[in-house]
Amino acid sequence: MSIVIDWWAFVQVFVTAMVGSVLVVGFYATGLRLLVRSGRAPVVAPAEFTDAITVISEKEARRASKLAAKAARKSPLTEGQKRFALVGAYACFSMCGLAVLIGLLIIVLG
């Protein structure tokens with residue numbers, strides 16, 4: 001009994017995985033950048049963990065939220081440009097989700 005490795009199939013899977021990961025990360029990063037440019041910087045409330053993870057205090061969370069709001073007010077973009085950036089951010093997040101969905105379909109149906 002001899003084991004035969006299909007190297008061409010291995011290269012196809014590797015290239016597909018690399019392209020897929022670059023697309024997902026690229027669309028997500030671009031969407032996050034456009035979301036911040038539109039004046040809607042995501043501020044995540046700190047989670048409470050039981051052990052070795054340092055959690056920011058409520059005071060630090062309020063300060064970060066205040067800084068994000070101040071940065072949004074100082075934006076040099078017009079309201080139309082902010083709206084366009086927000087639509088672009090949602091489009092990028094949609095493309096990111098679409099890339100993940102296509103990858104899942106390829107795995108399930110392939």
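S38 is buried, at 7% relative accessibility. Here buried means under 20% relative accessible area, exposed means over 50%, and partly exposed is in between, with a 1.4 Å probe and protein chains only. The areas themselves come from the Shrake-Rupley method with a 1.4 Å probe, and for residues only the protein chains shown count as cover. S38 sits in the loop between α1 and α2 (58-73). Leaving aside residues up to four places away in sequence, S38 touches K82, A85 and L86. A contact of this kind means heavy atoms within 4.5 Å.

The model is predicted: local features need pLDDT of at least 70, side-chain atom pairs count only at pLDDT 80 or more, and totals for chains, interfaces and linings use all residues. Residues are numbered from 1 along each chain as its sequence is written, and side-chain values use heavy atoms, with hydrogens and water left out.

**Overall fold**

The protein has three helices and zero strands, and along the sequence the pattern reads α-α-α. Helices (H or I, at least four residues) and strands (E, at least two) are DSSP runs, numbered from the N terminus. Of the 110 residues in the protein, 13% are buried. The accessible surface of the protein is about 9,100 Å², and carbon and sulfur atoms account for 69% of it. Among contacts with a separation of 6 or more, 70% are between residues 24 or more positions apart.

**Residues distant in sequence**

Three residues serve as examples, each listed with a partner and the C-alpha to C-alpha distance.

| Residue | Partner | Separation in sequence | C-alpha distance |
|---|---|---|---|
| F27 | M95 | 68 residues | 6.7 Å |
| A69 | A41 | 28 residues | 8.1 Å |
| F84 | L34 | 50 residues | 9.0 Å |

F27 belongs to helix α1 and is partly exposed, with a relative accessible area of 25%. Not counting residues up to four places away in sequence, F27 touches C92, M95 and C96. A69 is in helix α2 and is partly exposed, at a relative accessible area of 34%. F84 is in helix α3, and its relative accessible area of 67% makes this residue exposed.

**Aromatic pairs**

How many aromatic pairs does a search of the whole structure find? The search finds two. Rings of Phe, Tyr and Trp (its six-membered ring) pair if their centres lie within 6.5 Å; planes under 30 degrees apart count as stacked, over 60 as edge-to-face and the rest as tilted.

W7 and F10 form an edge-to-face pair, with 5.8 Å from centre to centre and 85 degrees between the planes. These two residues are three apart in helix α1 (residues 7-37), so about one helical turn separates them. W7 is exposed, with a relative accessible area of 54%.

Y28 and F93 form a tilted pair, with 5.6 Å from centre to centre and 50 degrees between the planes. Y28 lies in helix α1 and F93 in helix α3 (residues 79-109), so this pair ties together parts that are 65 residues apart in sequence. Y28 counts as partly exposed at 46% relative accessibility, and F93 also counts as partly exposed, at 26%.

**The largest pocket**

Rolling a probe the size of a water molecule over the atoms shows where empty space is left. The search uses a 1 Å grid over the protein atoms alone; a pocket is an open set of points where a 1.4 Å probe fits, with protein on both sides within 12 Å along at least five of seven lines, and lining residues have an atom within 4 Å of a point. Grid points are joined across faces, edges and corners, and a volume is the space filled by probe spheres set on the points.

The largest pocket has a volume of about 350 Å³. Its lining has 13 residues, and T16, G20, A99, G103 and I106 lie nearest the centre. Which elements give two or more residues to this lining? They are α1 and α3. The largest share, seven residues, comes from α1.

By class, the lining has ten nonpolar, three polar and no charged residues. In this scheme Ala, Val, Leu, Ile, Met, Phe, Trp, Tyr, Cys and Pro count as nonpolar, Asp, Glu, Lys and Arg as charged, and the others, Gly among them, as polar.
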